[in-house]
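Hi,

Here's the structure for you to open up before our next chat. Have a look around, then read on for what turned up.

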Amino acid sequence: MQRVMVIGGSGAGKSTFARDLSAKLGVPAVHMDRLFWEPGWIMAEEDVFLMRVREEIAKESWVMDGNYSRTWPERLARADTVIFLDTPTWLRFWRALWRTVSGYGKTRFDLAENCPERFDLGFLFGWVLKYRWSARRKALSLMSPDGPAGHCERKQLSGRREVNQFLSDEAAAELTI
C-alpha cells in the first residue's frame, strides 16, 4: 500500500483518517482541499489545481484525502488502494457542525493558510446532507469490482469501529510498504 485515495462525504473523517494512516505507513498525507483552496477561501484556477494534483500523484507514495471526482481518473491510474469512508449522514452532519462551531475562525490542518472555519448553511444543508443521495452513488460505483478502481485494493469503512480496526496495530502490520 503505497498510494491510497481516501474518499467520502464531508464530515466522514477523511482528513483525520488520511493523517493517521499516513503516519502508520510512513508516507506523506496529501489533502485535496489544500491543493484546491488558496488563502482566503479563493478557489485555485483549474489548471493550477490540476497541476498540483498531478505533482502529488506522480510521487512515489501518498495517502490522499478528498473527493474532487473530476480528478479520479488520474489519481486512480496511480493509486493502489481506495478507501471509502461511508459514514452515516447524521454522523457526518454532526461532525461538520461540530467542526464549524469548535473551529470557528481557525484554519484546519488540511486547508491552505488563512482559510478559517466559517458558518455556511449552504454547505451544511446542501453539500453535507445531499451527499448520500448524489455523490455517494459515484463513490459506490467506484468501489465496484468492475468499476474504475477494480485494479485497486478497495475498502469501505462504515463507522468509527471499522476505522479504528483498520488503523489498529494489527491492521497496520498488514499495510507495510
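One bit of vocabulary to start: two strands count as paired if DSSP finds at least two bridges between them. And keep in mind that this is a predicted model.

**The β5 strand**

With that in hand, take strand β2, residues 29-31: three bridges join β2 to β5, and the two run parallel. Within that pairing, V30 stands opposite M64 in β5. β5 also pairs with β1, again in the parallel sense, this time over four bridges. There, V6 is the residue opposite D65 of β5.

Are the faces of β5 covered or open? Both are covered: W62 and M64 are buried on one side, and V63 and D65 are buried on the other.

V63 is worth a click. This β5 residue has a relative accessible area of 0%, so it counts as buried. Leaving out neighbours within four places in sequence, V63 touches V4, V6, A18, L21, S22, L25, V27, P28, A29 and V30. If you want a distance to check in your viewer, the C-alpha atoms of V63 and A112 are 18 Å apart, with the two positions 49 residues apart along the chain.

**S15 and its partner**

D65 comes up again here. Which residue's side chain makes a polar contact with the side chain of S15? D65 does, at 3.0 Å. S15 sits in helix α1, which covers residues 14-25. At 12% relative accessible area, S15 falls under the 20% cut-off, so this serine is buried. Its contacts beyond four places in sequence are H31, D65, F109 and D110.

F109 has another visitor: the charged end of R19 sits over the F109 ring, 4.3 Å from the ring centre.

**The cores**

Nonpolar side chains in soluble globular proteins tend to be buried together. In this model, the largest nonpolar core holds 30 residues, and M5, I7, F49, L76 and V82 are the ones with the most contacts inside it. Which elements give two or more residues to this core? They are β1 (3-8), α2 (32-36), α3 (46-57), β5 (62-65), α4 (72-78), β6 (81-85) and α7 (135-143). α3 gives the largest share, four residues.

L76 shows how this looks from one side chain: beyond its sequence neighbours within four places, L76 is in contact with M5, V82, L142, P148, A149, H151 and C152. Apart from this core lies another one, of 16 residues, including V4, A12, L85 and F166.

**Aromatic pairs**

How many aromatic pairs does a search of the whole structure find? Seven. One of them is F17 with F166: the ring centres are 5.9 Å apart and the planes meet at 40°, so the pair counts as tilted. F17 is in helix α1 and F166 in helix α8 (residues 160-167), so the pair ties together parts that lie 149 residues apart in sequence. Both partners are buried: F17 has a relative accessible area of 3%, and F166 has 9%.

W37 and W41 make an edge-to-face pair, with 5.1 Å from centre to centre and 75° between the planes. Both of these tryptophans are buried. Ring pairs also link F36, W37, W41, F49 and Y68 into a cluster, and F49 is a residue you already met among those with the most contacts in the largest core.

**Two backbone oddities**

W41 has one more thing to show you: its phi is near 60°, a positive value in a residue other than glycine. W41 is in the loop between β3 (37-38) and β4 (42-43). Buried or exposed, and by what figure? W41 has a relative accessible area of 19%; the cut-off for buried is under 20%, so W41 counts as buried.

N114 also has a positive phi, of about 60°, although it is not a glycine. You'll find N114 in the loop between α5 (89-102) and α6 (121-130).

If you'd like a route through the model, try S15 to D65 via their polar contact, then along β5 to V63, and finish at the ring cluster with W41 in it.

Cheers

Conventions. Residues numbered from 1 in each chain as written. Predicted model: local features only at pLDDT ≥ 70, side-chain atom pairs only at ≥ 80, totals over all residues. Heavy atoms only, no water. Core = buried A, V, L, I, M, F, W, Y, C linked by side-chain atoms within 4.5 Å. Buried < 20%, exposed > 50% of the residue type's maximum accessible area, 1.4 Å probe, protein only. Contact = heavy atoms within 4.5 Å. Polar contact = N/O pair within 3.5 Å; in protein donor to acceptor, adjacent residues only side chain to side chain. Phe/Tyr/Trp six-rings, centres within 6.5 Å; stacked < 30°, edge-to-face > 60°. Lys NZ or Arg CZ within 6 Å of the ring centre and 35° of its normal.
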